[in-house]
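Please read the following report with the sequence and the model side by side, and look up each residue as it is named.

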Amino acid sequence: MANQISNISPKILIITLISIGFNNYFLPIDAEETGKALIESTCKKTQYPEECISALESDPGSFTANLTGLTRIAVEKSASKLVETLHIVETLVLNATDYLTWGFLVNCRDSYNISVPQIQRGLQAFDRLKFDKSYESVEAVNNAVIGCDRQGWTLPILTQVNRALFRLTKDTMMILHLLF
């Protein structure tokens with residue numbers, strides 16, 4: 001009897017080890033996926049996947065981040081793009097040649113100015129794991145872009161930066177939604 005137990009134990013041990021090795025090799029690791037594979041699989045779930053990939057790959061931290069870290073980077077990228085857009089709009093305000101254009105641009109600038117502290121609070125909420133509040137802050141930026149565009153004024157540079165900010169925030173919202 002003791003001989004049978006000692007014969008079974010090595011067999012079970014070998015089968016178990018082979019099974020673990022097989023599973024680790026062939027089964028995907030979803031929860032801890034990182035790097036380029038995570039960036040691509042995450043961005044494929046967004047509305048503008050190529051732009052999402054480009055934005056996230058521009059931050060070296062994206063290549064070692066898990067989904068939560070990658071999402072934080074997307075929110076940071078949205079905040080940076082907002083500030084960049086705000087600076088461009090401020091320059092356009094200063095260089096406006098007529099009152100109507102100036103008024104339109106001031107309205108956009110004010111909306112973006114209000115959005116800066118909102119997205120900063122969204123980053124703080126993210127760090128407290130309040131992803132829904134972070135989502136709302138990015139959504140507020142996205143709505144500011146929509147509001148600026150709805151005024152119907154077409155300046156090529158403004159259209160270009162608004163489109164970039166809209167797309168980035170839209171994708172960031174979709175990525176944030178993956179966390180809740």
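Asp59 touches Ile73 and Lys77, when residues up to four places away in sequence are not counted. The model in which this contact appears is a predicted one. Asp59 has its place in the loop between H3 and H4, and its C-alpha atom lies 8.8 Å from that of Lys77, although the two residues are 18 residues apart in sequence.

**The chain as a whole**

The chain holds seven helices and zero strands, and if you read along the sequence you will meet the pattern α-α-α-α-α-α-α. The chain has 180 residues, and 33% of them are buried. If we take the contacts between residues at least 6 apart in sequence, 70% of these join residues at least 24 apart.

**Two buried residues**

Is Leu158 buried or exposed? Leu158 counts as buried because its relative accessible area is 2%, which is under the 20% limit used for that word. Leu158 is found in helix H7, which covers residues 156-177, and, leaving out residues up to four places away in sequence, Leu158 touches Val89, Leu92, Phe104, Leu105, Cys108 and Cys148. The C-alpha atom of Leu158 is also separated by 8.4 Å from that of Thr85, a residue 73 residues apart from it along the chain.

Ser115, found in helix H5 (residues 99-127), can be described in a similar way. Ser115 is buried, with a relative accessible area of 1%, and, again not counting residues up to four places away in sequence, Ser115 touches Leu82, Ala140, Val141 and Ala144. The table sets these two residues side by side.

| Residue | Helix | Relative accessible area |
|---|---|---|
| Leu158 | H7 (residues 156-177) | 2% |
| Ser115 | H5 (residues 99-127) | 1% |

**How H3 meets H7**

Two packed helices are described by the angle between their axes and by the distance between those axes. For helix H3 (residues 49-57) and H7, the axes come within 10 Å and cross at roughly 85 degrees. H3 is therefore roughly perpendicular to H7, since angles from 65 to 115 degrees count as roughly perpendicular. On the side of H3 the contact is made by Glu51, Cys52, Ala55 and Leu56, while H7 brings Arg167, Leu168, Asp171 and Ile175. When the residues of this contact are divided by class, five are nonpolar, none is polar and three are charged.

**The cavity**

How many cavities of 30 Å³ or more does the structure hold? The structure holds one cavity of that volume or more, and about 40 Å³ of space lies in the largest cavity. The largest cavity is lined by Cys52, Ala55, Leu56, Ala74, Lys77, Leu168, Asp171, Thr172 and Ile175. By class, this lining has six nonpolar, one polar and two charged residues.

Which helices supply at least two residues each to the lining of the largest cavity? They are H3, helix H4 (67-94) and H7, and of these H7 gives the most, with four residues. Several names in this part have been met before: Cys52, Ala55 and Leu56 belong to the lining of the largest cavity and also to the contact that H3 makes with H7. Lys77, too, is one of the lining residues, and Lys77 is also touched by Asp59, the residue with which this report began.

Terms used
Residues are numbered from 1 along each chain as its sequence is written. This is a predicted model: local features need pLDDT of at least 70, side-chain atom pairs count only at pLDDT 80 or more; totals for chains, interfaces and linings use all residues. Side-chain values use heavy atoms; hydrogens and water are left out. Buried means under 20% relative accessible area, exposed over 50%, partly exposed in between (1.4 Å probe, protein chains only). Contact means heavy atoms within 4.5 Å. Axes are lines fitted to C-alpha atoms, for helices over the stretch in contact, and angles run from 0 to 180 degrees between N-to-C directions. Angles under 35 degrees count as roughly parallel, over 145 as roughly antiparallel, 65 to 115 as roughly perpendicular and the rest as oblique. Ala, Val, Leu, Ile, Met, Phe, Trp, Tyr, Cys and Pro count as nonpolar, Asp, Glu, Lys and Arg as charged, and the others, Gly among them, as polar. On a 1 Å grid over the protein atoms alone, a cavity is a set of points where a 1.4 Å probe fits but cannot get out, and a pocket is an open set with protein on both sides within 12 Å along at least five of seven lines; lining residues have an atom within 4 Å of a point. Grid points are joined across faces, edges and corners, and a volume is the space filled by probe spheres set on the points.
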